[in-house]
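User: Hi! Please pick one part of this model and take me through it slowly, residue by residue where that helps.

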Amino acid sequence: MPTVSARCTKSIADVGYRAQDDVATRLSGLETPLELDIPALRQQVLERSKQRGKNEPPPNKRPPIAPELNKLPSFNVDIQFDTDTPIVRPESYQTIGRLADTLVNSALLNYTFLIVGHVESTGRRDHNVFLSQRRADAIRDILVNTFKISAKRLQSVGLGEEQLLDPARPNGAVNAQTQIMTLAKVPEQAEPAAAAKGAAAKKPAKKKH
């Protein structure tokens, strides 16, 4: 059985179902949820990708744009796309299906997740941000629409080449992998209170004497 860690780079497609339980156990080990403003992070990534100054460091020297994400339990998924598009190749639907199986593990049902898209350092930086966002969105859409994972449990963000998974090899294929991160616990449902309120509303009105 493969060893799984928070920064594991093995694809979930390469592990069996028993190992998926190990992944679920790791992903459920969230100690401190992040108060993360996803739209603000997207804008921050896009703005940095447009920097063209002479003093701008090369890809392998850039600091991570969201280092706080490294504190979250995560797992890397190797999903194949058509070249320069967000279209998932048919052979990767099985990988996403196994990911969906992991997300409905009983140990993970009370958590929300962040799908983080990355792209290797080729082409224009700002284009890579758009591409990584569209790919992360595509994975989320498949999980929701095909595998019926609750949309409330999934968010997505594309980091382009602004937080390389392997800075030593900016053009390496590993930098195109997708990360699944445990973001927070699902807010407690207010169903009991709502049910009580509904029951009170159904009580017959007292007759006036």
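Analyst: Let's start with a working rule: two strands pair if DSSP finds at least two bridges between them. By that rule, β2 and β4 pair, in the antiparallel sense and over six bridges. I'd like to look closely at the sheet to which these two strands belong, an open sheet of four strands. Please keep in mind that this is a predicted model.

First, some context. The protein has five helices and four strands, and from the N terminus they follow the pattern α-α-β-α-β-α-β-β-α. Of its 209 residues, 45% count as buried. Among contacts between residues at least 6 apart in sequence, 79% join residues at least 24 apart.

Now the sheet itself. Its strands are arranged in the order β1-β4-β2-β3, with mixed pairing. β1 (74-77) and β3 are the edge strands, each pairing on one side only. On average, neighbouring strands are turned by 25° against each other, direction ignored.

As a reminder, strands of a sheet pair through backbone hydrogen bonds, either parallel or antiparallel. Let's walk across from one edge. β1 and β4 pair in the antiparallel sense over four bridges, and on that seam N76 has Q179 in β4 as its bridge partner. Next comes the antiparallel pair of β2 and β4, where L114 stands opposite M181 in β4. At the far seam the sense changes: strand β2, residues 111-117, and β3 pair in the parallel sense over five bridges. Here F113 stands opposite L154 in β3.

How much of β4 is covered? Seven of the eight residues in β4 are buried, so the strand is described as mostly covered, with buried meaning under 20% relative accessible area.

A good residue to zoom in on is V157, which lies in strand β3, residues 154-158. V157 counts as buried because its relative accessibility is 0%. Leaving aside residues up to four places away in sequence, V157 touches I38, L41, R42, L114, I115, V116, G117, Q133 and A136. Some of these names are worth placing. L114 is the residue that stands opposite M181 in β4, while I38, L41 and R42 fall within α2 (38-49). Q133 and A136 fall within helix α4, residues 125-145. V157 and R134 are 23 residues apart in sequence, and their C-alpha atoms are 8.7 Å apart in space.

That brings us to α4, which lies across β2, β3 and β4 (178-185) and runs at about 160° to β3. D126 is found in this helix, and at 9% relative accessibility it counts as buried. The D126 side chain makes a polar contact with the side chain of R124, at 2.8 Å. Apart from residues up to four places away in sequence, D126 touches S49, K50 and R52.

On the way to the sheet's edge, the loop between α2 and β1 holds A66. This alanine counts as buried, because its relative accessibility is 0%. A66 touches L41 and Q163, not counting residues up to four places away in sequence, and L41 is also among the residues that V157 touches. The C-alpha atoms of A66 and Q44 are separated by 9.5 Å, although the two residues are 22 apart along the chain.

One more covered element is helix α3 (residues 93-103), where eight of 11 residues are buried. Among them are I96, L99, A100 and L103.

Finally, a word on confidence before you lean on any detail. The protein averages a pLDDT of 86, and 80% of the residues score at least 70. Over residues 1-11 the pLDDT is below 50, yet this stretch has 35 contacts in the model beyond near neighbours in sequence. Residues 190-196 also stay under 50, and there the model has zero contacts beyond four places in sequence.

Notes:
Residues are numbered from 1 along each chain as its sequence is written. Side-chain values use heavy atoms; hydrogens and water are left out. Buried means under 20% relative accessible area, exposed over 50%, partly exposed in between (1.4 Å probe, protein chains only). Contact means heavy atoms within 4.5 Å. A polar contact is a pair of N or O atoms within 3.5 Å; within protein, one must be able to donate a hydrogen and the other to accept it, and residues adjacent in sequence count only if both atoms are side-chain atoms. Axes are lines fitted to C-alpha atoms, for helices over the stretch in contact, and angles run from 0 to 180 degrees between N-to-C directions. pLDDT is the predictor's confidence in each residue, from 0 to 100.
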